[in-house]
Amino acid sequence: QVQLVESGGGLVQPGGSLRLSCAASGMIFSMYTMDWYRQAPGRQRELVATVTLAGNTNYAESVKGRFTISRDNVKNMVYLQMNNLKPEDTAVYYCNREPPVTWGQGTRVTVSS
């Protein structure tokens with residue numbers, strides 16, 4: 001059974017940084033492209049960043065230049081380094097593979113002064 005556990009969220013001031021982590025189990029991690037999504041209050045879940053099997057990355061326009069996705073195929077982990085955070089980044093952040101499976105609990109990020 002695939003399990004995805006996100007962590008690392010919290011309250012941060014605008015301009016601050018956070019590093020999110022996602023631990024994956026129950027799957028051959030290195031065989032899957034991995035994604036970070038977020039869901040802000042009252043909005044649909046949106047794709048934020050993608051890292052392929054080969055380590056290629058892609059980002060939503062709203063986070064380009066500020067967020068960096070990475071993966072560790074030995075530890076079965078995917079990370080999201082978030083810099084220069086803005087209030088509009090406030091959301092619950094989730095990781096998932098492609099194609100997606102059951103969603104984890106997510107980790108909440110609040111950007112506020």
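**A guided reading of the predicted model**

R97 lies over the face of Y32, with 4.1 Å separating it from the ring centre. The model is a predicted one, and the following paragraphs lead from this contact to the sheet, the core and the aromatic residues.

The sheet offers a convenient frame. Six strands form an open sheet in the order 2-10-9-4-5-6, and their pairing is mixed. Its edges are strand 2 (10-12) and strand 6 (57-59), each of which pairs on one side only. From one strand to the next, the twist averages 25 degrees. At one of these edges, strand 6 runs antiparallel to strand 5 and is joined to it by three bridges; V51 has T57 in strand 6 as its bridge partner.

Strand 7 and strand 8 form a hairpin. Strand 7 (residues 67-72) and strand 8 (residues 77-82) pair in the antiparallel sense over six bridges. Four residues stand between the two strands of this hairpin, and N76 there takes a positive phi near 60 degrees. R71 has V78 in strand 8 as its bridge partner. In a regular strand, side chains alternate between the two faces of the sheet. In strand 7, F67, I69 and R71 make up the covered face, while T68, S70 and D72 make up the uncovered one.

Two residues of that covered face, F67 and I69, reappear in the largest nonpolar core. This core has 28 residues, and those with the most contacts inside it are W36, F67, I69, V78, L80, M82 and Y93. Among the elements that give two or more residues to the core are strand 4, strand 7, strand 8 and strand 9 (91-97). Strand 3 gives the most, with four residues. W36 belongs to strand 4 (residues 34-39), and W36 counts as buried because its relative accessibility is 0%. In soluble globular proteins, nonpolar side chains tend to be buried together.

The aromatic residues complete the picture. The structure holds two aromatic pairs. In one, Y37 and W103 meet edge-to-face, 5.0 Å centre to centre and with 85 degrees between the planes. This pair links distant parts of the chain, since Y37 is in strand 4 and W103 is in the loop between strand 9 and strand 10, 66 residues apart. Y37 is buried at a relative accessible area of 15%, whereas W103 is partly exposed at 31%. The rings of Y94 and W103 have centres 5.9 Å apart and planes at 80 degrees, so this pair is also edge-to-face. Ring pairs thus link Y37, Y94 and W103 into a cluster. Y94 is buried, with a relative accessible area of 10%, and R45 lies over its face at 4.2 Å from the ring centre.

Key. Residues are numbered from 1 along each chain as its sequence is written. This is a predicted model: local features need pLDDT of at least 70, side-chain atom pairs count only at pLDDT 80 or more; totals for chains, interfaces and linings use all residues. Side-chain values use heavy atoms; hydrogens and water are left out. Buried means under 20% relative accessible area, exposed over 50%, partly exposed in between (1.4 Å probe, protein chains only). Two strands pair if DSSP finds at least two bridges between them. A nonpolar core is a set of buried Ala, Val, Leu, Ile, Met, Phe, Trp, Tyr and Cys residues joined through side-chain atoms within 4.5 Å. Axes are lines fitted to C-alpha atoms, for helices over the stretch in contact, and angles run from 0 to 180 degrees between N-to-C directions. Rings of Phe, Tyr and Trp (its six-membered ring) pair if their centres lie within 6.5 Å; planes under 30 degrees apart count as stacked, over 60 as edge-to-face and the rest as tilted. A charge sits over a ring if NZ of Lys or CZ of Arg is within 6 Å of the ring centre and within 35 degrees of the ring normal.
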